[in-house]
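Hi everyone, thanks for coming. I'd like to walk you through one structure today, so please have a look at it while I talk.

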Amino acid sequence: MTDLATDYLGLDALLSAEEIAWRDTVRGFVRDRIRPNIIQWYEKAVFPAEIVPEMGRLGLLGTHVSGYGCPGRSAVEYGLAALELEAGDSGLRTFVSVQGSLVMSAIAKFGTETQKQRWLPPMAAGELIGCFGLTEPEAGSDPASMTTMARRDGDGWVINGAKRWIGLASIADLAVIWARTEDGIRGFLVPTDTPGFTATPIEPKLAMRASIQCDITLAGVRVPADAILPGAAGLRGPFSCLNEARYGITWGAMGAARDAYEAALAYALDRRQFGQPIASFQLTQEKLVDMVLEIGKGLLVALHIGRMKDAGTLLPEQISFGKLNNVREAIAICREARTLLGGNGITLDHSPLRHANNLESVRTYEGTDEVHTLIMGRAITGIPAFS
Ligand code: TGC
């Protein structure tokens with residue numbers, strides 16, 4: 001492969017030496033710890049919990065949270081980590097997103113000093129795992145319609161309800177549960193060993209097989225008064241956390257796309273049909289070039305959005321641009337990459353279809369294509385068209 005094959009636009013020139021070094025560190029972790037095992041994890045539907053402390057030591061958990069033992073890296077550095085992790089597998093990037101962007105950022109943004117000191121250091125170290133309970137069986141794109149209730153009871157709260165599609169819940173130590181109260185939607189820190197809390201993995205799945213997504217039931221779950229996140233009132237709280245995760249996806253999806261493209265390119269250079277490498281055919285080159293175009297554009301979008309995030313100028317509506325565009329293009333790239341692999345592309349020996357399957361989930365969670373389209377539609381017309 002040529003230099004242009006791996007970085008056509010020379011985008012490394014837009015990164016600092018420190019950013020490149022960090023990116024390469026994460027790339028090395030993916031090469032050594034994820035790539036050799038991902039086929040087995042994916043096939044057997046195993047989340048490799050044993051690598052969580054390694055991720056903590058590397059600084060992958062709560063990457064851009066500051067203080068309390070967290071790495072305190074920039075948004076661009078967090079994005080580069082997501083890019084490399086998702087080149088390995090979306091399931092592993094999803095874990096890092098749930099832990100850092102959703103759970104740790106909820107505590108860092110909205111928690112008390114005591115809550116931060118109690119939970120953030122062990123979560124950054126990968127000693128404790130968190131999950132984020134927003135989505136419900138009947139409230140997916142419309143979390144405002146959630147029915148999980150928290151009512152005051154003596155000096156504490158009692159929570160009743162159900163959550164669905166909650167990453168890592170069955171192995172989590174702590175759940176951030178968003179619930180309706182008489183004062184609107186509030187967040188609660190619920191240790192998962194609290195009586196009445198049950199998490200059940202949703203199986204079997206055709207995507208995200210190296211990760212875990214669960215149903216949660218909350219049956220009379222009693223938590224003390226200080227379990228509430230005092231800084232979050234209303235949907236603004238969970239949506240602020242979703243911004244972080246959606247931002248990471250903007251980068252991560254391009255990692256999956258890049259890996260699928262590189263797999264297809266290597267295969268096309270090697271695979272011979274009609275007496276020549278299939279990379280020599282015009283139709284093959286067109287497919288590869290289309291992938292390079294969209295990966296280059298997607299990475300530029302991710303980097304620009306990351307630089308705006310670091311500058312403090314990024315609007316949530318601009319994150320929708322990145323999430324919508326980059327996941328949509330990534331899934332198209334992965335599917336097209338599979339076509340270059342022919343029948344061999346449907347085996348787990350090759351990554352494109354695994355990535356494409358994973359991206360079906362990524363396309364849906366953290367806001368569907370439709371939700372992000374309508375967020376952008378509202379931003380440019382001033383007219384909400386959600387209902
Ligand atoms: P809307 O009236 O627009 O807003 C309500 C309040 O929230 C504020 N807000 C935001 N704040 C920060 N960032 C954002 N992105 C925000 N979006 C809205 C808004 O300013 C308002 O604040 P306030 O103070 O005025 O009350 O609310 P809406 O109900 O009309 O929103 C419509 C819509 C469709 C945009 C929203 O509901 C939405 O984004 N829906 C998609 C939900 C979603 O992405 N769900 C996926 C959850 S993923 C998950 O739970 C975990 S997946 C990972 C895993 O566990 O594996």
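**Around the ligand**

Let's begin with the ligand: 25 residues surround it, and the closest are S141, G167, N243, R246 and G367. Before I go on, please keep in mind that this is a predicted model.

So what sort of residues make up that shell? The residues around the ligand divide into 14 nonpolar, seven polar and four charged.

And where do they come from? Four elements each supply at least two residues of the shell: the helices α6 (90–110), α8 (236–270) and α12 (369–381), along with the strand β5 (156–167). Which of them gives the most? That's α8, with six residues in the shell around the ligand.

Now let's zoom in on some atoms. A polar backbone atom of G167 is 2.8 Å from an oxygen atom of the ligand. Another oxygen contact involves R236: one of the polar atoms in the R236 side chain lies 3.1 Å from an oxygen atom of the ligand. Then there's N243, where an N or O atom in the side chain is 2.8 Å from a nitrogen atom of the ligand. How much of the ligand does the protein cover? Taken alone, the ligand exposes 1100 Å², and the protein buries 75% of that. If you're looking for pockets on your screen, the space taken by the ligand is the largest pocket.

**A lysine in β5**

Next, find K163, which lies in strand β5. Is K163 buried or exposed? K163 has a relative accessible area of 0%, and the cut-off for buried is under 20%, so K163 counts as buried.

What does the side chain of K163 contact in there? One partner is E136: a polar contact of 2.9 Å joins the side chains of K163 and E136. Another is L134, whose backbone oxygen lies 3.1 Å from a polar atom of the K163 side chain.

**A glycine in α8**

Back to helix α8 for a moment, because that is the place of G248. G248 is buried too, with a relative accessible area of 0%. Here's a pair to try with your distance tool: G248 and L189 are 59 residues apart in sequence, and their C-alpha atoms are 23 Å apart in space.

**Some backbone details**

Let's finish with the backbone. Where is there a cis peptide bond? You'll find one joining E203 and P204, with omega at about -10 degrees. P204 lies in the loop between β8 (197–201) and β9 (213–224).

Then have a look at two residues with positive phi, neither of them a glycine. For Y68, phi is near 55 degrees. Y68 is found in the loop between β1 (66–67) and β2 (70–71). For F274, phi is about 50 degrees, and F274 lies in the loop between β11 (272–273) and β12 (276–277).

How do these residues stand on exposure? Y68 has 26% relative accessibility, which falls between the 20% and 50% cut-offs, so Y68 counts as partly exposed. F274 has 76% relative accessibility, and exposed means over 50%, so F274 counts as exposed.

That's my tour. If you'd like somewhere to start on your own, go back to N243 and its 2.8 Å approach to a nitrogen atom of the ligand. Thanks for listening!

Terms used. Residues are numbered from 1 along each chain as its sequence is written. This is a predicted model: local features need pLDDT of at least 70, side-chain atom pairs count only at pLDDT 80 or more; totals for chains, interfaces and linings use all residues. Side-chain values use heavy atoms; hydrogens and water are left out. A residue is near a molecule or strand if one of its heavy atoms lies within 4 Å of it. A polar contact is a pair of N or O atoms within 3.5 Å; within protein, one must be able to donate a hydrogen and the other to accept it, and residues adjacent in sequence count only if both atoms are side-chain atoms. Accessible areas come from the Shrake-Rupley method with a 1.4 Å probe; for residues, only the protein chains shown count as cover. On a 1 Å grid over the protein atoms alone, a cavity is a set of points where a 1.4 Å probe fits but cannot get out, and a pocket is an open set with protein on both sides within 12 Å along at least five of seven lines; lining residues have an atom within 4 Å of a point. A molecule sits in a cavity or pocket if more than half of its atoms lie within 2 Å of its grid points. Ala, Val, Leu, Ile, Met, Phe, Trp, Tyr, Cys and Pro count as nonpolar, Asp, Glu, Lys and Arg as charged, and the others, Gly among them, as polar. Buried means under 20% relative accessible area, exposed over 50%, partly exposed in between (1.4 Å probe, protein chains only).
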